[in-house]
Protein chains: 2
Amino acid sequence: MMTKPAETRLPVLHWRTTPRSGDTRSVRKLIQASGVFSPEEIDVAEELVRERLDKGTASGYEFVFAETGESLAGSACYGRVPLTRASYDLDWIAVGPNQQRRGVGQQLLARVEDDLRARGGGNLYVETSSRPSYEAARRFYASAGYRECARFPDFYAPGDAKVVFLKRFP
Amino acid sequence: MMTKPAETRLPVLHWRTTPRSGDTRSVRKLIQASGVFSPEEIDVAEELVRERLDKGTASGYEFVFAETGESLAGSACYGRVPLTRASYDLDWIAVGPNQQRRGVGQQLLARVEDDLRARGGGNLYVETSSRPSYEAARRFYASAGYRECARFPDFYAPGDAKVVFLKRFP
């Protein structure tokens with residue numbers, strides 16, 4: 001009897017939420033390798049990890065890391081928006097190229113949502129671009145129950161709108 | 001012939017755009033005294049001045065200060081939104097209690113807008129609350145040509161929406 005090829009099996013994932021000093025580098029590598037982020041977005045992502053390492057939870061940034069052995073399979077970053085009681089931004093979800101299409105992104109998102117529920121619920125916002133290269137991202141969030149709640153034409157650049165998705169947790 | 005009472009004359013304002021180390025304290029005092037910001041908003045405002053003093057223009061925050069003699073009459077803070085080509089957030093405009101209703105706010109806003117035009121134009125966004133206490137702020141922006149472009153129900157707290165105003169500079 002044949003077994004499935006190894007690459008379609010779900011990897012054994014180990015989860016953690018506390019960033020370590022090596023994560024500035026591993027998050028940069030992961031996000032770069034995921035192939036969907038711009039150079040400026042990569043810099044911002046690394047900066048958020050550094051902020052968290054410098055300031056701890058006072059930075060306002062929370063993380064989920066999914067690891068296979070020593071390597072980072074995926075990561076999510078989110079945080080409460082300052083001045084709000086319970087509105088959160090999902091800053092990114094990134095999955096490494098070898099782990100894509102295996103449900104790692106859904107698992108990362110589910111853990112972020114579980115944490116929001118544990119904090120008493122609230123609004124989770126995701127900002128994406130209207131560009132065709134973000135269509136997979138928009139479908140990912142739509143299929144997870146997020147709906148478009150606002151659109152800002154020409155936000156990122158002429159012809160490139162910001163599309164805001166929202167899911168509410170009662 | 002009677003002269004106007006002194007307090008209705010427009011004060012002689014001196015303008016600068018480079019923050020000084022004393023501004024963390026003077027901005028906090030100004031914003032506190034203006035009477036329309038919450039304690040958390042006051043902390044955020046002071047933090048943005050500190051960010052700018054620490055990191056310079058790389059912080060992304062730009063300022064306008066209006067002074068009468070040694071004291072701060074008003075201040076505005078704005079900056080380009082990361083990852084955008086030409087979208088700017090107006091973080092605050094604050095005017096001290098002795099200078100209110102004399103056009104200082106309009107002059108601060110005009111200087112921010114002039115700087116945006118000098119940078120080649122773009123979108124200037126202002127985020128306000130739907131609460132009754134922000135009605136004067138919403139009227140201020142509406143009369144300056146800003147129009148509501150998005151509304152996020154229950155953003156700040158249940159029943160307290162975020163209202164986003166936009167003015168575009170070609």
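The following exercises treat salt bridges and strand pairing in a predicted model.

Residues are numbered from 1 along each chain as its sequence is written, and chains are lettered from A in the order in which they are written. Local features need pLDDT of at least 70, side-chain atom pairs count only at pLDDT 80 or more, totals for chains, interfaces and linings use all residues, and side-chain values use heavy atoms, with hydrogens and water left out.

**Exercise 1. Salt bridges between chains**

Task: Locate the partners of the salt bridge between Glu40(B) and Arg80(A), and state how exposed each partner is.

Solution:
1. A salt bridge is defined as a side-chain nitrogen of Lys or Arg within 4 Å of a carboxyl oxygen of Asp or Glu; the structure holds 38 of them over all chains.
2. For Glu40(B) and Arg80(A), the N to O distance is 3.8 Å.
3. This pair crosses between chains, with Glu40(B) in helix α2 (residues 39–55) of chain B and Arg80(A) in strand β3 (residues 71–80) of chain A. Helices (H or I, at least four residues) and strands (E, at least two) are DSSP runs, numbered from the N terminus.
4. Glu40(B) is partly exposed at 35% relative accessible area, and Arg80(A) is partly exposed at 37%. The classes are buried under 20%, exposed over 50% and partly exposed in between, with a 1.4 Å probe and protein chains only.

**Exercise 2. A bridge within chain A**

Task: Determine whether Lys162(A) is buried or exposed, and describe its salt bridge with Glu127(A).

Solution:
1. The closest N and O atoms of Lys162(A) and Glu127(A) are 3.3 Å apart.
2. The pair links distant parts of the chain, 35 residues apart: Lys162(A) belongs to strand β7 (residues 160–169) and Glu127(A) to strand β5 (residues 122–129).
3. Lys162(A) is buried at 9% relative accessible area, whereas Glu127(A) is partly exposed at 41%.

**Exercise 3. Strand β3 of chain B**

Task: Identify the strands that pair with β3(B) and the bridge partners of Ser75(B).

Solution:
1. Strand β3(B) (residues 71–80) is mostly covered, with eight of its 10 residues buried.
2. Two strands pair if DSSP finds at least two bridges between them. Strand β2(B) (residues 62–68) pairs with β3(B) in the antiparallel sense over seven bridges, and Ser75(B) is the bridge partner of Phe65(B).
3. Strand β4(B) (residues 87–95) also runs antiparallel to β3(B), joined by seven bridges; here Ser75(B) has Ala94(B) as its partner.
4. In the hairpin of β2(B) and β3(B), with two residues between the strands, Gly69(B) takes a positive phi near 60 degrees. The hairpin of β3(B) and β4(B) has six residues between them, and Leu83(B) in the turn has a positive phi of about 75 degrees.
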